[in-house]
Every structure is written in C-alpha cells, then in structure tokens.
Amino acid sequence: MIDTTLQMVTFQLGVENYGINIMDVKEIYSVQEVRDIPNAPPYVEGIFNLRGDIIPVINLHKRFHINKAILTEDEAMLSGFIIINLDGMQLGVIIDKVLRVVSVNMGQIQPPPQMITGIGSEYIQGVIHQDDGYLIILDIRRLFDPEELQNISNVNP
C-alpha cells in the first residue's frame with residue numbers, strides 16, 4: 001500500500017498558516033544576525049553563517065507584500081528561519097512563528113483558490129481546511145526559479 005501522508009513543517013507568515021514538505025526542510029533556526037548584501041533584490045534580507053555555510057536569507061514578507069504577524073513576547077521566541085534545501089542549495093526563509101509538524105493526508109489537499117492573501121496561487125501546491133482555518137501548502141520549487149536562485153547564490157557579501 002502506498003503511503004499517502006506527508007509530513008509538513010507549518011509556520012505563520014502574516015495572518016496565514018503555511019506548510020512546507022518536511023523533506024525540503026534542513027532545520028529551523030532562531031533569529032540570527034543577517035549581513036546585508038549590496039545590490040541584492042529587495043526581498044533578499046542578506047546572508048548569515050550557519051556552521052561555516054553561508055546561507056542567503058529570503059524575506060517572503062517583502063517578496064509578497066505580507067505584513068508581519070503581531071506576536072506576543074512568548075510567540076516572538078518562535079520566530080526565525082526555516083533552512084530549506086532546494087536541489088542542493090540552502091536558503092533561509094524568514095518566518096513569523098514556527099507552529100508544528102503535522103501529518104497531512106494527500107486526499108485532504110484541495111487546489112488553491114485563485115488568490116490567497118499575498119502569495120499567488122502559482123506558488124501554492126494546495127490548501128487543507130483545518131478546524132482553525134486553513135493551511136496553505138507552498139511549492140518551494142516554484143517560489144524561487146532556478147535563474148533567480150543562481151543569481152542569489154552568486155551574490156558576494
């Protein structure tokens with residue numbers, strides 16, 4: 001029998017909850033100092049050093065014009081980066097708050113509506129209805145096109 005469940009790392013970005021396939025997540029990291037990169041696209045927050053690896057940091061708030069979530073002091077402790085491994089390249093994606101890892105049945109995933117707050121449907125793999133709203137599943141391979149990734153990785157601090 002084929003396993004039809006996915007493990008998703010879920011997080012908050014603005015007022016929405018998003019999920020990324022756990023197989024694409026290297027680790028979750030608390031907020032670190034990020035160095036600016038001159039002449040980088042506006043949504044590239046900068047770079048940071050993760051145990052000797054230089055990781056570009058992407059700000060989806062800026063990329064998709066999403067307002068930051070308003071968090072309590074306790075919730076702010078759950079802010080940081082999700083380090084994703086995208087076909088051999090590591091990227092840090094700024095999140096407002098990490099939520100939890102959830103198991104998702106593939107049959108629950110519905111096609112995305114044409115427009116969800118901020119992020120266009122072309123970047124969304126699907127949507128799952130939950131008790132407290134819905135979970136938007138991001139397609140990280142569509143969020144960053146290969147040429148764009150190459151440009152980011154070629155930027156020198």
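Helices and strands here are DSSP runs, numbered from the N terminus, with at least four residues for a helix and at least two for a strand. Keep that in mind as you move through this predicted model.

**Start with the whole chain.** Show the protein chain as a cartoon. You should find four helices and 10 strands. Trace them from the N terminus: the order is β-β-β-β-β-α-α-β-β-β-β-β-α-α.

**Switch on the surface.** The protein chain exposes about 8,900 Å². Carbon and sulfur atoms supply 50% of that area. Of the 157 residues, 46% count as buried.

**Select residues 44-50 and 53-58.** These are strands β4 and β5. How do they pair? They run in the antiparallel sense, joined over six bridges. Now pick F48 and look across to β5: I55 stands opposite.

**Go to the turn.** The hairpin of β4 and β5 has two residues between the strands. Click on R51. Its phi is positive, near 50°.

**Add residues 89-95.** This is strand β7. Which way does β7 run relative to β5, parallel or antiparallel? The two strands are parallel, and two bridges join them. Select V57 to see one end of a bridge; its partner in β7 is G92. So far, then, β5 has been shown pairing with β4 in the antiparallel sense and with β7 in the parallel sense.

**Zoom back out.** Finish with contacts along the protein chain. Take those with a separation of 6 or more: 57% of them come from residues 24 or more positions apart.

Terms used. Residues are numbered from 1 along each chain as its sequence is written. This is a predicted model: local features need pLDDT of at least 70, side-chain atom pairs count only at pLDDT 80 or more; totals for chains, interfaces and linings use all residues. Side-chain values use heavy atoms; hydrogens and water are left out. Two strands pair if DSSP finds at least two bridges between them. Buried means under 20% relative accessible area, exposed over 50%, partly exposed in between (1.4 Å probe, protein chains only). Contact means heavy atoms within 4.5 Å. Accessible areas come from the Shrake-Rupley method with a 1.4 Å probe; for residues, only the protein chains shown count as cover.
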